[in-house]
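Could you walk me through the two ligands and a helix pair in this model? I would like short questions with reasoned answers.

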Amino acid sequence: MQKILVTGGAGFIGSNFVHYVLDNTDHHVTVLDKLTYAGNLASLAGLPAERFSFVQGDICDGSLTDRLTAAADVVVHYAAESHNDNSLHDPRPFLDTNIIGTYTLIEAARKHNKRFHHISTDEVYGDLELEDPERFTESTPYNPSSPYSSTKAGSDLLVRAWVRSFGLQATISNCSNNYGPYQHVEKFIPRQITNVIDGIRPKLYGAGENVRDWIHANDHSAAVLTILDKGVTGETYLIGADGEKNNKDVVEQILTHMGLPGDAYDHVTDRPGHDLRYAIDSSKLRSELGWVPKFANFDAGIEDTIAWYRKHEEWWRPQKAATEARYQVQGQ
Ligand code: NAD
Ligand code: TDX
């Protein structure tokens, strides 16, 4: 049994990880989360009190992170400002949380000599052409496009420097686009599902040809546990499930599953600097650590996700109107 400190555990992927750990191991979890607009305590409702505790606070708070890190065996760092569109309109919180927050945590992990795992994204590598046969690997050069991805790249580089200069016991994982339950309605898949529920036509940025490499959040959680268990300190592991799809195809799939014509969507203003394609080669994680994704059927995963949003309207409804009002101002 280990005591895991999970930052950002009230967010989408963090909360899925907390459920996954409590369901599949005997570890104890403490979540540290600021509960920004993206954090939702309802995602952590009903967890067993003897194995789970929650602390509301900011990862930039040095004395709090010091105290919580000292009490943990392992820190898994999910907390971030995570939405590209928001980063284009107000980058400052991205610098504070993604850069200063990560710095604050790795200083605590260094001081207390604790195992640290940094959660990052494939977006640090920039984007690929549609027909490029290459995919991202651990040695692809960093080339981020947005304020969000540049701050994630900066945080990765801080962790790497702390490994080299101070011997921090850290690993890093860069994962592709996640889908599943508990994802905020600002993100692509939940936005379109909840739009359809509300009788609003889905919104595709630009031509809709941009490709994302989709992975179920549970497969991401299993990969992170595998890295905690068998990963080598100082190493980076790419996480992906060979799930490349363009946005148009994803929207058509959602519409069809929800009983509407596959072309009942609108094209809206494109995202400035919109990355064209992400694609992950996760063979290092598979061959060296033995991880394999289990949610191979994206179509079935989308059906389950639609069912989850239909069933849990009380979870997403409070955010929906304000999120759509923000998009409307942006012409999206
Ligand atoms: P999210 O926005 O759903 O959740 C982020 C959580 O962090 C929220 O609960 C929020 O309250 C918390 N938080 C934000 N600032 C904080 C601060 N200063 N102190 C403490 N808590 C704070 O994000 P997500 O989609 O779950 O992403 C989680 C992590 O995974 C991020 O690091 C992101 O870069 C990475 N990632 C996400 C994806 C994806 O598809 N969503 C893919 C690859 C990597
Ligand atoms: O309404 C929309 N219409 C649309 O066409 C929205 C919200 C998005 N899009 C497009 C933009 C992207 O090409 O869909 C794709 C996915 O968009 P997002 O859900 O915003 O994700 P993305 O920008 O790809 O970033 C996500 O994956 C990598 C996460 O938000 C990041 O945190 C993660 O690092």
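What follows is a short exchange about the ligand shells and one helix packing. This is a predicted model, in which local features need pLDDT of at least 70, side-chain atom pairs count only at pLDDT 80 or more, and totals for chains, interfaces and linings use all residues. Residues are numbered from 1 along each chain as its sequence is written, chains are lettered from A and ligands numbered from 1 in the order in which they are written, and side-chain values use heavy atoms, with hydrogens and water left out.

Me: Which element gives the largest share of the shell around ligand 1?
Reply: Happy to help! The shell holds 28 residues, each with a heavy atom within 4 Å of the ligand. H1 (12-24), S5 (115-121) and H5 (147-166) each supply at least two of them; helices (H or I, at least four residues) and strands (E, at least two) are DSSP runs, numbered from the N terminus. The largest share is three residues, and it comes from S5.

Me: How much of ligand 1 does the protein bury?
Reply: Start with polar contacts, pairs of N or O atoms within 3.5 Å. Tyr-148 places a polar side-chain atom 2.6 Å from a ligand oxygen, while a backbone N or O atom of Ile-59 lies 3.0 Å from a ligand nitrogen. Taken alone, ligand 1 exposes 840 Å² (Shrake-Rupley method, 1.4 Å probe), and the buried part of that is 97%.

Me: How many charged residues are in the shell around ligand 2?
Reply: Here 22 residues surround the ligand, and Glu-123 and Arg-271 are among the closest. By class, with Asp, Glu, Lys and Arg as charged, Ala, Val, Leu, Ile, Met, Phe, Trp, Tyr, Cys and Pro as nonpolar, and the others, Gly among them, as polar, the shell has six nonpolar and nine polar residues. The charged ones number seven.

Me: Which elements give two or more residues to the shell around ligand 2?
Reply: Look at the polar contacts of its oxygen atoms. A polar side-chain atom of Asn-177 lies at 2.9 Å, a backbone N or O atom of Phe-188 at 2.9 Å, and a polar backbone atom of Tyr-205 at 2.8 Å. The protein covers 94% of the 660 Å² that the ligand has on its own. The elements asked for are H6 and strand S8 (203-205).

Me: At what angle do H6 and H8 pack?
Reply: Phe-188 and Ile-189 are among the H6 residues that meet H8, where Val-250 and Ile-254 are among the partners; contact means heavy atoms within 4.5 Å. The residues of this contact divide into eight nonpolar, two polar and no charged. With axes (lines fitted to C-alpha atoms over the stretch in contact) 10 Å apart and angles running from 0 to 180 degrees between N-to-C directions, the value is about 35°.

Terms used: Polar contact = N/O pair within 3.5 Å; in protein donor to acceptor, adjacent residues only side chain to side chain.
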